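Subject: Structure handover

Hello,

Here is the structure for you to look at. My notes follow below it.

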Amino acid sequence: MSGRDISSTDSRPNFLLIFADQWRGDCLGAAGHPVVETPNLDQLAAEGTLFDAAYAACPSCIAARATLATGQTPSTCGRIGYRDGVPWRYPTTLMRVLRDAGYQTMQVGKTHFYPQRAALGFEEMRTYDPQRLDPGYDSDYHVWLARTAGPSIQDTAMVMDNNSWIAVPWPNPVHLHPNVWTTDAALELLDRRDPTRPFFLQIGYHRPHAPLDPPLHVLAMYERKELPPVPCGRWAERYDAPVSSIKAFHGRLPKEILDRARRAYYAQITHLDDQIGRILFYLRRRNMLQSTWVFFSADHGELLGDHWQFRKVAPWEGSAKIPWIIRPPAGPAFR
């Protein structure tokens with residue numbers, strides 16, 4: 001389908017927020033990374049603005065998402081670190097304000113809200129969450145996967161630790177991967193949107209957060225690439241001891257194992273860039289980028305072995321720095 005966007009009864013712009021989990025701020029081609037390939041996000045940055053000094057106020061999943069949803073600091077919204085099972089009791093949220101202003105508010109993927117199906121202002125939701133904090137909760141992805149593939153194929157995040165440096169490539173049909181499902185669900189909501197209202201769509205990709213499970217064909221792109229050296233400051237020598245846990249916060253991995261994890265992490269990012277490209281292509285074909293603000297960011301980064309550190313939370317560059325791209329509408333009404 002191509003042609004003009006038929007949403008002509010409301011002249012206000014649409015808003016698309018693409019929000020990944022654990023995406024380092026330096027892991028974009030447009031940011032100068034020597035290895036990572038992100039052609040779709042690079043184009044988005046060229047058409048808009050790439051912020052080179054964006055940082056999470058609190059580099060922890062729930063805290064970062066609460067600050068985004070409420071517009072408050074971690075301390076004023078009561079989220080200064082990670083803690084599951086604390087209800088989100090916020091009378092004012094970004095999506096609720098937009099909904100009350102007449103926007104159609106939609107969400108796909110990961111939210112980290114609690115309860116897990118809390119809407120907080122979203123009118124339509126398609127959830128992905130490997131955690132089961134609420135009794136009887138199964139995310140929409142997992143219900144779909146069981147119905148589509150049966151018990152023989154499972155989400156990697158449901159069968160191994162979600163904070164591990166272990167690389168476990170996805171060996172199954174690519175269309176069953178959570179990254180692809182999240183994109184498909186977002187496109188379905190866009191297909192079914194109310195054309196008389198502007199929309200706010202938030203797409204929450206769980207990856208590149210572990211498990212590091214990129215499709216095999218994407219991982220193959222990185223197998224022969226020479227990786228840049230891992231930064232290790234003298235101040236961090238106290239952490240230079242062998243890793244003793246698959247979910248370690250710090251320690252030294254053998255080079256070949258760390259490189260395998262880095263390649264899988266970079267491949268996961270490229271796979272997500274492919275999926276983001278699908279979203280942008282959909283909008284371009286329908287001339288919807290003429291009237292849509294596009295935002296791309298993440299809740300926090302991933303230390304990925306820097307200074308013998310892993311995961312996030314610590315306020316160091318690999319953990320706290322995030323990607324941040326804003327691409328304004330291209331139409332003449334918004335110039």
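Start with valine 313. At 45% relative accessibility, valine 313 counts as partly exposed, because the value falls between the 20% limit for buried and the 50% limit for exposed. Please keep in mind throughout that this is a predicted model.

Backbone oddities

Valine 313 sits in the loop that runs between strand 6 and helix 8. Its phi is positive, about 80°, although valine 313 is not a glycine. Arginine 311 lies in the loop between strand 6 (292-298) and helix 8 (317-320). Arginine 311 is not a glycine either, and its phi is positive at about 70°. Is arginine 311 buried or exposed? Its relative accessibility is 12%, so arginine 311 counts as buried. For context, most residues other than glycine have a negative phi, and most peptide bonds are trans.

Two peptide bonds are worth a look as well. Tyrosine 114 and proline 115 are joined by a cis peptide bond, with omega about -5°. Proline 115 belongs to the loop between strand 3 (104-109) and strand 4 (124-127). Alanine 210 and proline 211 are also joined by a cis peptide bond; here omega is about 15°. You will find proline 211 in the loop between strand 5 (199-208) and helix 6 (216-219).

Overall picture

The protein has eight helices and seven strands. Its C-alpha trace spans about 60 × 45 × 40 Å along the principal axes. The radius of gyration is 20 Å; a compact globule of 335 residues would have a value near 20 Å, so the two agree. Of the 335 residues, 56% are buried. Take contacts between residues at least 6 apart in sequence: 73% of them join residues at least 24 apart.

On the surface, the protein exposes about 14,500 Å². Carbon and sulfur atoms supply 54% of that area. As for charge, there are 37 positive and 35 negative side chains. The centres of the two sets lie 2 Å apart.

Cores

The largest nonpolar core holds 62 residues. Which of its members touch the most other members? They are Trp23, Leu201, Tyr266 and Phe296. Helix 7 (residues 255-285) gives the most to this core, with 13 residues. Tyrosine 266 touches Cys27, His33, Val35, Val36, Tyr222, Leu227 and Leu304, leaving out residues up to four places away in sequence. There is also a second, separate core of 20 residues. Among its members are Phe19, Ala69, Phe122 and Met125.

Helix 2

Helix 2 (residues 61-70) is mostly covered. Nine of its 10 residues are buried. They are Cys61, Ile62, Ala63, Ala64, Arg65, Ala66, Thr67, Ala69 and Thr70. Note that an arginine, Arg65, is in that buried set. What do the buried residues of helix 2 pack against? Their partners are strand 1 (14-21) and helix 3 (94-100). Just after helix 2 comes glycine 71, with a positive phi of about 75°.

Two residues to inspect

Proline 178 is in helix 5 (residues 178-191). Its relative accessibility is 2%, so proline 178 counts as buried. Setting aside neighbours within four places in sequence, proline 178 is in contact with Tyr128, Tyr141, Asp155, Trp170 and Arg207. Tyrosine 128 is 50 residues away along the chain, with 7.8 Å between its C-alpha atom and that of proline 178.

Tryptophan 324 is in strand 7 (residues 324-327). With 24% relative accessibility, tryptophan 324 counts as partly exposed, because buried means under 20%. Not counting residues up to four places away in sequence, tryptophan 324 touches Thr49, Leu50, Phe51, Ala54, Phe295, Phe296 and Ser297. One of these, Phe296, is among the residues that touch the most other members of the largest nonpolar core. Serine 60 is 264 residues from tryptophan 324 in sequence, and their C-alpha atoms are 17 Å apart.

Best wishes

Technical notes
Residues are numbered from 1 along each chain as its sequence is written. Side-chain values use heavy atoms; hydrogens and water are left out. Helices (H or I, at least four residues) and strands (E, at least two) are DSSP runs, numbered from the N terminus. The radius of gyration is taken over C-alpha atoms; the globule rule is 2.2 Å times the number of residues to the power 0.38. Buried means under 20% relative accessible area, exposed over 50%, partly exposed in between (1.4 Å probe, protein chains only). Contact means heavy atoms within 4.5 Å. Accessible areas come from the Shrake-Rupley method with a 1.4 Å probe; for residues, only the protein chains shown count as cover. Lys and Arg count as positive and Asp and Glu as negative; His and the chain ends are not counted. The place of a charge is taken as NZ of Lys, CZ of Arg, CG of Asp or CD of Glu. A nonpolar core is a set of buried Ala, Val, Leu, Ile, Met, Phe, Trp, Tyr and Cys residues joined through side-chain atoms within 4.5 Å.
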